[in-house]
Amino acid sequence: MEINEKVLKLKIREQELQKELTYWKEEFKPSGNMGKWSRQVKVDKINKELEEIQRDINFHDTLYLSNEIYNQWKDKNLTN
């Protein structure tokens, strides 16, 4: 699997989680303390997964950028 495909899948999952987080924070109306507690647990879980996905996206973006820089350097130095 190519890096770009991984990043694309991660970004799609990130968008899905953002929508889900919006629902749980703004649209879901809890009833009673158990509802508030369960909503907070769900929001915390989504936030944790979102942080992990964003970290993976940043890693792959950094990896891709470093490969591009290396390729440019290699092309520049090999042609001289």
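E16 and R13 sit three residues apart in helix α1, which spans residues 3-27, so about one helical turn separates them. In this predicted model, E16 and R13 form a salt bridge, with their closest N and O atoms 3.3 Å apart. R13 also takes part in a second pairing, with E49, and R13, E16 and E49 are linked in a network of salt bridges. Let's walk through these charged pairs, then look at the chain around them.

**The network around R13**

- Which helix holds the partner that R13 meets 36 residues away? The side chains of R13 and E49 come together in a salt bridge, at 3.0 Å from N to O. Here R13 belongs to helix α1, while E49 belongs to helix α2 (residues 32-79), so that the pair links distant parts of the chain.
- Are the members of this network buried or exposed? E16 is partly exposed, with a relative accessible area of 41%. R13 is partly exposed too, at 29%, and E49 falls into this class with 27% relative accessibility.

**A separate pair: E20 and K42**

- E20 forms a salt bridge with K42, and their closest N and O atoms are 3.5 Å apart.
- Because E20 lies in helix α1 and K42 in helix α2, this pair ties together parts of the chain that are 22 residues apart in sequence.
- E20 counts as partly exposed, at 27% relative accessibility, and K42 is also partly exposed, with a relative accessible area of 26%.
- How many salt bridges are there in total? The count comes to three.

**A charged residue without a salt bridge**

- Side chains of opposite charge can pair when their charged atoms come close.
- What about E14, a residue of helix α1? E14 is buried yet has no salt bridge.
- The nearest side chain of opposite charge to E14 is K11, which is 6.6 Å away. A salt bridge needs the nitrogen and oxygen within 4 Å.
- Leaving aside residues up to four places away in sequence, E14 touches L50, I53, Q54 and I57.

**Charges across the chain**

- The protein chain carries 15 positive and 15 negative side chains.
- How far apart are the centres of these two sets? They lie 5 Å apart.

**The overall build**

- The protein chain has two helices and zero strands.
- Along the principal axes, its C-alpha atoms fill a box of roughly 70 × 20 × 15 Å.
- What radius of gyration does the protein chain have? The value is 20 Å, whereas a compact globule of 80 residues would be near 12 Å.
- Among contacts in the protein chain with a separation of 6 or more, 68% are between residues 24 or more positions apart.

**Surface and interior**

- Buried residues make up 16% of the 80 residues in the protein chain, and E14 is one of the buried residues.
- The protein chain exposes about 6,600 Å². Carbon and sulfur atoms supply 53% of that area.

Notes
Residues numbered from 1 in each chain as written. Heavy atoms only, no water. Helix = DSSP H or I, 4+ residues; strand = E, 2+ residues; numbered from the N terminus. Buried < 20%, exposed > 50% of the residue type's maximum accessible area, 1.4 Å probe, protein only. Rg over C-alpha atoms; globule rule 2.2 N^0.38 Å. Contact = heavy atoms within 4.5 Å. Areas by Shrake-Rupley, 256 points an atom, 1.4 Å probe, with all protein chains shown as cover. Lys, Arg positive; Asp, Glu negative; His and termini not counted. Charge placed at Lys NZ, Arg CZ, Asp CG, Glu CD.
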